[in-house]
Amino acid sequence: MRRFSSFRDFDWMLLTLVLLISVISVLEIKSATLNTKFHGFGEKQIGFLLIGLLLMFLISFVDYHRLVDIAPWAYGVSLLALVAVLKVGTKVMGGRRWINLGGGVHFQPSEWVKLVLILMMARFFWGRVGRDLSWTDIGKAFALVCIPMALVLKQPDLGTALTYFPALVVGLFLGGIRIKQFAILLLGFTLLGGGAWMSGKRLKPYQMARLTSFLDPASDPRGAGYQLLQSKIAVGSGGIWGKGANKGTQTQGDFLPIPYTDFIFAAFCEEHGFVGGMGILLIYFLILTRLIQNAQQASDLPGTFIVMGVVSVMLFQIVVNIGMVLGLMPVTGIPLPLMSYGGSSVLFTLLALGIVMNIRMRRFVN
Amino acid sequence: MIANPDRYNAREEKVSPGKLHATQYIVVLVLVVLATGMWRLQVLGADSYRQLAEANRIRKDPVRAPRGKIFDREGRILVDNYPSVSCYLLREQAKDVQADVPMIARGLNLPVEQVETTLRRYQITPKYESILLKQDITQDEQAFIEAHRNELPELETRDDQRRLYPRDGFAAHLIGYVGEVSEEDLNSSKYDFYEPGDVVGKSGVEETYDSLLRGVDGSRDVVVDSHGREVGQLGQQLAVPGKDLRLTIDLDLQRVAEQAMEGKNGALVAMDPHTGEILAMVSRPAFDPNQFAVRLTRSYWSQLVNDPDHPLMNKAIQAQLAPGSTFKIIMSLAGLEENVAQDMRVMCNGGGTFYGRFFACDHHHGMVDIDHAIPWSCDTYYYTLAEKLGIDTIAKYGTEVGLGQKTGIDLPDEATGTMPSTAWKLRTQHEKWYAGETISVGIGQGSVQVTPLQLARALSGIASGGVLKRPHVVFPDELPPDMGSAIAASYPGSGDRTIPLTTPNWETITDAMAQTMLPGGYDTGAAVRLEGIDFAGKTGTAQLVNHSIGGNNLLTGAARANAWFVGMAPRRNPDIVVAVLCEHGGWGATAAAPLAAQVINAFVTKQRRREGNLIQVSAPKPAAVPAISQPSSSPQPSGLPQPPSQPKPPTAPADISMIEPGPRVAGPESNQH
């Protein structure tokens, strides 16, 4: 029985796809920040990517079982960090999300909580596979997710908070939730969501505005609706072949809001058209398919759960982000994995994929 | 905590492959949905989104066409343009314009209400259109805009062309001024093709010939980012500069006229009777059109509007006042044409009683005939003539020479004046005409009202044998063909017309008017005779308070009589006719006539210099004007005061014909009767 895996088993295919999309991301960030005060973001993103890849390699050598073992501790620390960020966090654009670590480095705990929650869900559900989930189990799983979620909503950061949900859903799904339970939950959430929608009290005014403007973008041309409209114009005006690198008028003219982070897909589609956009979707498809494949090949249940957790979070972010860019979903502020600029997002995604590598490398361990 | 792998190996269960497959399908499904969304936007909607993207980044910036310059008849510049900086507001740039208004108003030194009014006016226009906030901003205001780029990104400066008018109100009423088209104007059909912010001529030539002067504004298609910063230019539509305009005004003459009228209250108009060309036009008090062109302060505006002397009024065409004795020219014409005056002799004993009321004359003129009545300006004679003619006959001739109707000059808002008649009174006051009213009209009092221009044109027609011309300040043949007729149509009036006059009749009048200006003892105009110039004229002193018609009491201040003078040179087919009005000026002979004399003198001097035959008239040499030998031609009963017999100047027709060659100088001997 081999305790350690070799680089022969490293997922070179996945790494290639990740590197490919990262290069595209850096190029598009450079284009989108060309004539702005953010013109150094491309280089910074390269830095984040290098650090992320390094962490990815490092974590792939740590047995993921150890990570599952320390998950409760990490969970505890995460909750403390989320409480801390509410107390001492730096307030940026109406949200208190970052802890200033000094030296220009800002730490966003909520991104890391995603990883911790994936591990926690894996740990929670793997012991319960094979027997029917009780309502108590479901309640506990919900509690595990909803506590950090509530803290993040308090920042307030609706987008990130929503990304905690997919890990729970996939956990429940794979953990063996019954159709009947699922139906009851769905009904309950529908009623709850409807109630919240009606009262509108749960949402901050700007969150409410974002959601309502999604329904009627023209109502507030300079607000969230303006962003959606500009995003759709960017994507649509790109046409089939796009306007060419650095030539997107929406992107370069600063009509497209934050074209290097949340709306980077719109910037890319404007400059590289339908063909380019389909290329990105294809890469995502290949990455996700590869991940699911890895999940199947995982040597044990925690491995499968972790990989599927990563799949769920990534898929959710892709859908919500691209859906928003295309005007199919409201503006929620969720970054596009591996494309959007941002250290925390890059590090989370690469770390998560590092763990997937780790799981793959240990698939023949038994 | 040390991981124990065996703990994980203890259970061999696996997640059912079906669930993982299901996930795979979900992934495919979701990506297909996204791909469909992209297809919809990028393939199906590409064209419309491309248009939206274009509209996003292209802004139309207006390029103002430089307004045409205005020159005098000899091509000397009257109105020029100069470059200046204007401040515009780009509403798209502002988060909340209303909130910024106080700050903008402070920085640009504008009243807050004015900025708000401007914003309201533009509410209906598309947001990407820029609003002109203030023209010709100062350096301090430019500095303010620069310093507040971040707080007030909506402010922008652009180079513009501004109007530069002559200083001190020189020819201000004639030229007019330009200003931003007003809200009321925009609602009228005349301004159908104008947009808010357009600069239009608001009075004078600037208004009449606005369509010619204004040119066609161009635009630049500017590529901008979402902050409105210009990042490039896609194309431009060049502005078509306005056409330059040559006026019939003679700058030299205008200058003399302006100087003559300085400090006066009234108007002076000089016109060429052959063509109707206005050579000079002055109205006083004046205003400074430059103040209108840039920043008209509230205080300056209210000062203009509340001034009892009406500085904004072009009195040459808008002052309608009783013409006083100058009306006797028209009376004489009526009397002669009706064959009443030729043989009429009137005994003047300082007035006469008509219809039971005594009407005064300012002198005891004794026995007066038509040849003396004009130079003496004998009221008694004209009372009698008026009584004989009746109001409707007087009105017939008054109307024929253009009174009571617009002359049709190509300047806005000309007044019509009043030529009373029985029909007129019935129409306007629904009352019957009383014969007694006719007597006052006989000396240009009562309800007869004329403008200085009407008077000038009437005399022009009479002295030219009945050929009346439409007065104009722009040469019609220099206008585009359709515009010339359009101008004539938009400024209707009596226009060009010829009335049949019997030659001896109008010659009698003009001779008598020449006599008026001679030191022959008629004390009405002799003080202003011009040596060596065949200068003919008629004074008028129109009382404003009617209690002493014909009396000597001129009163003072606002009740002081209006002084009139209308004169010409030479007496037959004159080259120039000048009408002068001095409101509350007193005697026409002393207040108005000298002003006209200055202008006529300047005109003749210039004319001679141009023709190279200016001769130095030696000072002691008497006037080279042939005098009519009236004492013999119209016998006067002895006992009447004779004109003081001064040594008659040697008549020197040779001199005149040398100075003034041409058929227009008719020998005076030919028209004695």
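Two people discuss chain B and its contact with chain A in a predicted model.

Biologist: What are the ground rules of this predicted model?
Modeller: Local features need pLDDT of at least 70, side-chain atom pairs count only at pLDDT 80 or more, and totals for chains, interfaces and linings use all residues. Residues are numbered from 1 along each chain as its sequence is written, and chains are lettered from A, ligands numbered from 1, in the order in which they are written.

Biologist: What makes a residue of chain B buried?
Modeller: Count the other C-beta atoms within 10 Å of its own: 20 or more is buried, 12 or fewer is exposed, in between is partly exposed, with C-beta atoms placed from the backbone. By that count, 46% of the 673 residues in chain B are buried.

Biologist: What counts as a helix or a strand?
Modeller: DSSP runs, numbered from the N terminus: H or I over at least four residues for helices, E over at least two for strands. Chain B has 26 helices and 21 strands.

Biologist: How do you know that the buried residues of α4(B) line one face?
Modeller: Start with the list: B:Asp100, B:Ile104, B:Gly107 and B:Leu108 are the buried residues of this helix, residues 97-108. Seen down the axis, they fall within an arc of 75°, so they line one face. The arc is taken over directions from the helix axis to the C-beta atoms. The face turned away carries exposed B:Gln98, B:Ala99, B:Pro102 and B:Arg106.

Biologist: What do the buried residues of α4(B) pack against?
Modeller: Contact means C-beta atoms, placed from the backbone, within 7 Å. The partners are β3 (77-90), α5 (112-121), β4 (130-134), α6 (139-147) and β5 (155-164) of chain B.

Biologist: How many residues does each chain bring to the contact between chains A and B?
Modeller: Chain B brings 36 and chain A brings 48. On the chain B side, α2(B) gives the most, with 16 residues.

Biologist: Why are α13(A) and α2(B) called roughly parallel?
Modeller: Their axes come within 10 Å and cross at roughly 15°. Axes are lines fitted to C-alpha atoms, for helices over the stretch in contact, and angles run from 0 to 180 degrees between N-to-C directions. Under 35 degrees is roughly parallel, over 145 roughly antiparallel, 65 to 115 roughly perpendicular, the rest oblique. The pair is therefore roughly parallel.

Biologist: Which residues make the contact of α13(A) with α2(B)?
Modeller: From α13(A), A:Met308, A:Val311, A:Leu315, A:Val319, A:Ile322 and A:Gly323. From α2(B), B:Thr23, B:Val27, B:Val30 and B:Leu34.

Notes: Contact = placed C-beta atoms within 7 Å.
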